[in-house]
Every structure is written in C-alpha cells, then in structure tokens.
Amino acid sequence: MRKDLGVKPYLYPQPVLVIGTYNEDGSANAMVAAWGSVSDMNQIAIYVANSHKTMDNIKARKFFTISMATEKDIKAIDYLGIASGHKVADKFAKSGLTAVKSEHVDAPLIAELPLTLECKFVSYAEEPELLLGEIVNVTADESILGENGKVDVKKLNPICYDTANHGYYSIGDRIGNAFSDGKSI
C-alpha cells in the first residue's frame, strides 16, 4: 500500500554541493547547496537563495566553483552549510578546509575536495532563485581517477543529502551498466 506524503522535495539522490567564491576582501567563502544538477553538457543549475553571501560574491566576481562533498570532510562541509557568511566573516577559515587559487576562474578550489567544476556566471533568476553557470573546466585529484583516466565514483566517494531525514549518505555499489543492461530485454 502507498501513502500520500504531500508536496515534498523528495528526489534522490541529492548531491551535496559546495559552492566556492571569493569575498570582496579576497578571502575564500563557501556554502553548501543540495538542490543542483547538470543542466546541459557545459552548464550547471543550482537553486541558491539571494540572501546568501555566496550570491553577493558570484554577482560581483562572475565566477564560482562547485565541488562534490565527500565523506571524510563531513563535519567541515556541514559547518559550511549551517554558518552564514554574512554573520561569520572567516567562515571558510574556521571550517579548517584549504582554499587553492583556480587557474581558470576567479574562485577558490577546495584542496580537500577532489572533484571541482570551475564555472562562469551565466544568469540568476531572482524568482525562483536559480543560478546558471557555464562549466569552463573540471579539475580532479589524480587519486580519484581510474585506470581509464576518468573519475571513479568509488574513489571519489561523494555523499548525498536526504531531505526527509536531514542526513548525509554515502553512495553505494555499482549495480548495473548504463546503456547496456537493458539490451537483453
């Protein structure tokens, strides 16, 4: 039997994305967003409230980075999600994470997070607060690459967010082969 739950944003998995920017003084800033996705081959879409310091920074500098959160840094990542850049000036420094200057955009890479999309601002719709960014480069730590030179999701070990229960979860094992397993039907 099924039970109606009402209108809820229950779509799984929701990636835990860390948006990196620079503040007006050049210091690193980051926030956590769960409502984002690739929207085209070279574009990302993320819902970010206009009230976030991160949106001020993106509008001013026109660049940002998106990193996949990983299990090993969950406490620092969660801190970035609960602390406000408007209220805590050195929020990024307090997280204990390390900012590294990107070679492609005016936004920081986070050394501890091994996969980052470097993005250029495309647009921001005030309502519904949708940020679009053009992916100008993807940078990956060699430790997460497989023998084929591509990202190995098991080595990356990204986490996802559970909206219903406010939890973080690691992604499980590979269970099939895309564009292949269905051919047997």
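In this predicted model, helix H2 (residues 74–82) lies across strands E2 and E3 and runs at about 90° to E3. The buried residues of H2 are Ala76, Ile77 and Leu80. Seen down the axis of H2, these buried residues fall within an arc of 100°, so they line one face of the helix. That pattern fits a familiar rule: an α-helix has 3.6 residues a turn, so residues three or four places apart point the same way. On the other side of H2, Lys75 and Ile82 are exposed. The cover over the buried residues of H2 includes E2, E3 and helix H3 (91–95).

A second helix, H1 (residues 53–61), also lies across strands. Its partners are E2 (17–22), E3, E6 (63–68), E9 (115–125) and E10 (130–140), and H1 runs at about 55° to E2.

The strands beneath belong to an open sheet of seven, in the order E3-E2-E6-E9-E10-E5-E4, with antiparallel pairing. Strand E3 (28–33) and strand E4 (36–40) stand at the edges with a single partner strand each, so one side of each is left without a neighbour in the sheet. On average, neighbouring strands of this sheet are turned by 35° against each other, direction ignored. At the E4 edge, four bridges link E4 to strand E5 (residues 43–47) in the antiparallel sense. One of the residues involved is Gly36, whose bridge partner in E5 is Ile46.

Ile46 turns up again in the interior. The largest nonpolar core has 21 residues, and those with the most contacts inside it are Ile19, Ile46, Phe64, Ile66 and Leu131. At least two residues of this core come from each of E2, E3, E5, H1, E6, E9 and E10. The largest share, five residues, is supplied by E9. Ile66 gives a good view of how these parts meet: leaving aside its neighbours within four places in sequence, it is in contact with Leu17, Val18, Ile19, Ile44, Ile46, Leu115, Thr116, Leu117 and Cys119. A second, separate core has 16 residues, among them Val16, Val18, Ala30 and Ile110.

Another set of pairings centres on strand E11 (residues 159–162). Both faces of E11 are covered, with Ile159 and Tyr161 buried on one side and Cys160 and Asp162 buried on the other. Strand E1 (residues 14–15) pairs with E11 in the antiparallel sense over two bridges, and Gln14 stands opposite Tyr161. E11 is also joined to strand E12 (residues 167–170) by four bridges, again running antiparallel; here Cys160 stands opposite Tyr169. The hairpin of E11 and E12 has four residues between the strands, and His166 takes a positive phi near 50° in it.

Aromatic contacts round off the picture. A search of the whole structure finds two aromatic pairs. Tyr10 and Tyr12 form a tilted pair, with 6.4 Å centre to centre and 40° between the planes. Tyr10 counts as partly exposed at 33% relative accessibility, and Tyr12 counts as partly exposed at 45%. Tyr161 and Tyr168 form a pair that is also tilted, at 6.1 Å centre to centre and 55° between the planes. In this pair Tyr161 has 17% relative accessibility and therefore counts as buried, whereas Tyr168, with a relative accessible area of 31%, is partly exposed.

Key: Residues are numbered from 1 along each chain as its sequence is written. This is a predicted model: local features need pLDDT of at least 70, side-chain atom pairs count only at pLDDT 80 or more; totals for chains, interfaces and linings use all residues. Side-chain values use heavy atoms; hydrogens and water are left out. Two strands pair if DSSP finds at least two bridges between them. Axes are lines fitted to C-alpha atoms, for helices over the stretch in contact, and angles run from 0 to 180 degrees between N-to-C directions. Contact means heavy atoms within 4.5 Å. Buried means under 20% relative accessible area, exposed over 50%, partly exposed in between (1.4 Å probe, protein chains only). The arc is that of the directions from the helix axis to the C-beta atoms. A nonpolar core is a set of buried Ala, Val, Leu, Ile, Met, Phe, Trp, Tyr and Cys residues joined through side-chain atoms within 4.5 Å. Rings of Phe, Tyr and Trp (its six-membered ring) pair if their centres lie within 6.5 Å; planes under 30 degrees apart count as stacked, over 60 as edge-to-face and the rest as tilted.
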